[in-house]
Amino acid sequence: MRMILTLLLAGIASTAIAQDTQEAAPELVGGSVKSNVAIAVPVMPGDPIGRQVSQVIVSDLRSTGLFTPLGPGGLPGYSVEEAGNPAYPNWRNAGVSALVSGYIEPRPDGRMTVACYLHDVTAGRELTHQGFAVTSDNWRQAAHKCADLVYSRLSGQQPFLDTRVVYVAETGPKNNRQKRVAIMDSDGSNNRYLTVGRHTVVTPRFSPRGDKLVYVSYIGRKPRVLLYDVASGQERLLIPGNHITFAPRFSPNGRDVVFSMAENGNTDIYIVSASGGQPRRLTSVAGADTSPSFSPDGRQIVFESDRSGTQQLYVMSADGGGQRRISFGGGRYASPVWSPAGNMIAFTRIAGNFRIGVMNAGGGGERILTDGWQDEGPSWAPNGQFVMFHRTAQGAGATRLYAVPVSGGSARIMPTPAGGSDPSWSPINN
Amino acid sequence: MNKTILIGMTAVALSLGACGRKAPPPEPVLPAAPAPVDPNSTDPNSLEVVELPALQADLVAKAGSDTIYFGTDEYSLDQASQATLAAQARWLLATPNVRASIEGHADERGTREYNQALGERRANATRDFLRSQGVPDNRMTVTSWGKERPVATGSNEEAWAQNRRAVTVIIR
Amino acid sequence: MKMDRAELAGTGAALAFHAALIAALTLSLAHVTSKPEPPSMEVEFVEDIGFEAAAPTSIATPPPASQAPEIGEAPPDEAAPAPLPPATQPRVAPAPTPRPTPKVRTKPAPAKPAPRASRIGDDFLKGIADSPSKSDAPAKPAAATFSATARASVGQAILRQVQPCADRQPFIGEDANKVRLTINLKLARSGRLVRPPTVLKTSGDPDLRAKYGDLLEDQVRRIFAQCTPLRLPAELYDTPTGGWNDFTFTYRVN
């Protein structure tokens, strides 16, 4: 009897031990090394434009701050047939972790296909590929789309490279500054002017689909919001008549424009349909209420107000209800902008210097991202990973656009032909 | 549609200008009454405003200054400002058929949109005082340049003090 | 009504001003303030790029003969026998102006971790000594038991061997460490993978899984491409109670 019991217990015990050991799979923990990925981008074969395509991809990848791109110069070429099937050992020997290859091929309809492949050189396998059909003079967009494919696949983030920036181009001395509304690709190319510079212009902002702008012009010696159609160049006053209006932004569905109007020494926030009509007043407390920005779900608006005595950030419902302060960090807070994912608000913090920061949308979690003397006017990249702003220098007041990673890192100057301010980052093109 | 309104307004202005007697104008020559802005127009080009530099110089000569100054983040009028504005008011009352664009400015050490609001506060306080001195509202319009038009280019307190101002601009 | 000289002059001036006003405003109304943008360009996403010879999926065609014959991962340490020229020699002349900075580094010899052989110390089998073989003859591989302790030791040995490659994996996000993959490997006796690692399960918050799942799998594939072949005891490869031919583990980043 005792024997049977002992055997039974031993059996149960060993089974239990065996089961425990089987269920606890051993764990491997990986490194999280913060260093740039060495990625090779040789000249794309198939068409002479392939060199420029590769150059745009290199410049785009470098701008993300995540890569050390190599090429296109100094790298071996390859044939169209080899694009999908590179010699991985060669690239491993070259010390690169990833490779962007592809080719350019004419299409029967006169356009061209730009094929884009991303390879994991270390693992010796292709990660992804996609083809982009474009007209031959739109080759740049295919290059940006390829760079976005590479960036997204290797970072896990949404794309942001195939975008435009609308901003104010600045020339001339501080006391005679010429300002024009300008649009460029976010790598600085295709820069062109939408106004001629006769009237001072400030704060241009894209509509959610990138097909319209609102901006402020000092036409007739008063700041007034204009609504501008990008394709046709047609524009009109948002609010007719003799009112001082400024700080405009579109609602996320593109149907309304929220803005400030100043009257009798008080500035309040209003909203009006983009197709015209009576504006509705959203704030009425005595004070300067301005810089409104919608949350991406369209339900809330963040704005700045000095009703407490100093400029601070407030959030309200889109109908103006429930206005509550969200900035408590010491210092003054201005120019808030809600992030595309809805989880953060970027702002300008004034505490001696003017610096760009981000906080959680509910307030708190504040992080300062820049270190200039006067950095202001943030605008989010559509994937929420970068914030563009303008930096003014002391003295002569030269102003330039910069972009800074939200996760931390140095601000990078944007390649504008002249000075620039008040940037607004477009959504992804197409 | 806009051209029709414009030609109509111009016709009205023409007929008004040709009728009646006027007192002989003092130096320099006064323009006729300005064409009113259509309050419902959304055409940006309907907003142009015409400065009158010769009359501006006359204002400065006779009132002492066309500009008053403010403290940091402030829009209250000190005694010197009030004295200057009182003299400007007297000039305006003696100079009919011109209007004044009361223009508020801020220094560079503020964010762009807040400074647009602050400029309007300054211009509004100035306009209120001129009104209290008898200048009618329909002869004044208020605007704000924010920090867009500094006169002094330094990044120091002296320059900033010169830029925090309200200017009375004589317009048609 | 008789008009005197001053009134005539005034009226004439008024007429002249008004004529000028009409002219100026007419011209400015006709002026277009800005040029219209050309119609927006369209990008069409083309799915099936590639050639007759290559499949349009992500499985590459069989590698050239100079590479190892194993399917799946290309082995990392075969560069020495390869007759392919080093990467610094351009096969096509891509640019008329040569770039001054040599961007491409070539390693003189494959620098594989020498310690791989010594990772398993002489005392490797100590842990499994408690399953003694009673026979006098050297134990045949089939007679070895893949006991719980053996399984644990072999598992630790595998992970020790790949840890240097795991350590090199890049940072992918602050919250990436909240996702865990369960991975299964099938190994050949040579210590190489028979097929790419399989993800059995991904655990963690759904948004984080969507964001980091692929990137973590990339890391596992790189780790086992670089740090193989593994050196493990042959007699434990495949026993009646299991073996290291089939190995499951979990992976996360720190």
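Modeller: Before we start, two strands are said to pair if DSSP finds at least two bridges between them. Please also keep in mind that this is a predicted model.

Colleague: How many bridges join strand β16 (residues 266-273) of chain A to β17(A)?

Modeller: Strands β16 and β17 of chain A run antiparallel, and among their residues I271(A) has R280(A) of β17(A) as its bridge partner. Since pairing asks for at least two bridges, the count for β16(A) and β17(A) satisfies that condition, the number being two.

Colleague: Which strands are the edge strands of the open sheet to which these belong?

Modeller: The open sheet has four strands of chain A with antiparallel pairing, in the order β14-β15-β16-β17. An edge strand pairs on one side only, and in this sheet that description applies to β14 and β17 (280-281) of chain A.

Colleague: Turning to strand β12 (residues 224-229) of chain A, how many of its six residues are buried?

Modeller: For a residue to be buried, 20 or more other C-beta atoms must lie within 10 Å of its own. Strand β12(A) is largely enclosed by the rest of the structure because most of its residues meet that condition, the count being five of the six.

Colleague: Which residue takes a positive phi in the hairpin of β12(A) and β13(A)?

Modeller: β12(A) and β13(A) run antiparallel and are joined by three bridges, with Y228(A) standing opposite E235(A) in β13(A). The hairpin that they form has five residues between the strands, and the positive phi, near 80 degrees, belongs to G233(A).

Colleague: And which residue takes a positive phi in the hairpin of β11(A) and β12(A)?

Modeller: Strand β11 (residues 212-217) of chain A runs antiparallel to β12(A), to which six bridges join it, and V214(A) stands opposite L227(A) in β12(A). In this hairpin, which has six residues between the strands, the residue with a positive phi, near 65 degrees, is G220(A).

Colleague: Which helix gives the most to the side of domain 1 of chain A that touches domain 2 of chain A?

Modeller: Chain A is divided into domain 1 (37-155) and domain 2 (164-425), whose centres, taken over C-alpha atoms, are separated by 36 Å. The contact takes six residues from domain 1 of chain A and six residues from domain 2 of chain A. On the domain 1 side, four residues come from one element, which is helix α2 (residues 50-63) of chain A.

Colleague: Where does the largest nonpolar core lie with respect to domain 1 and domain 2 of chain A?

Modeller: This core has 150 residues, and I57(A), V114(A), C146(A), L238(A), I345(A) and M388(A) touch the most other members. Helix α4 (residues 139-155) of chain A gives the most to the core, with nine residues. Because domain 1 and domain 2 of chain A both give residues to the core, its place is between them.

Colleague: By class, how many nonpolar, polar and charged residues has the side of chain A that touches chain B?

Modeller: The contact takes 41 residues from chain A and 32 residues from chain B. Several strands of chain A each supply at least two residues of the chain A side, including β10 (201-206), β14 (244-250) and β26 (374-380). By class, that side has 14 nonpolar, 20 polar and seven charged residues.

Technical notes
Residues are numbered from 1 along each chain as its sequence is written. Chains are lettered from A and ligands numbered from 1 in the order in which they are written. This is a predicted model: local features need pLDDT of at least 70, side-chain atom pairs count only at pLDDT 80 or more; totals for chains, interfaces and linings use all residues. Domain bounds come from an automatic or database domain assignment. Two residues are in contact if their C-beta atoms, placed from the backbone, lie within 7 Å. Ala, Val, Leu, Ile, Met, Phe, Trp, Tyr, Cys and Pro count as nonpolar, Asp, Glu, Lys and Arg as charged, and the others, Gly among them, as polar. A residue is buried if 20 or more other C-beta atoms lie within 10 Å of its own, exposed if 12 or fewer, and partly exposed in between; C-beta atoms are placed from the backbone. A nonpolar core is a set of buried Ala, Val, Leu, Ile, Met, Phe, Trp, Tyr and Cys residues joined through C-beta atoms within 7 Å.
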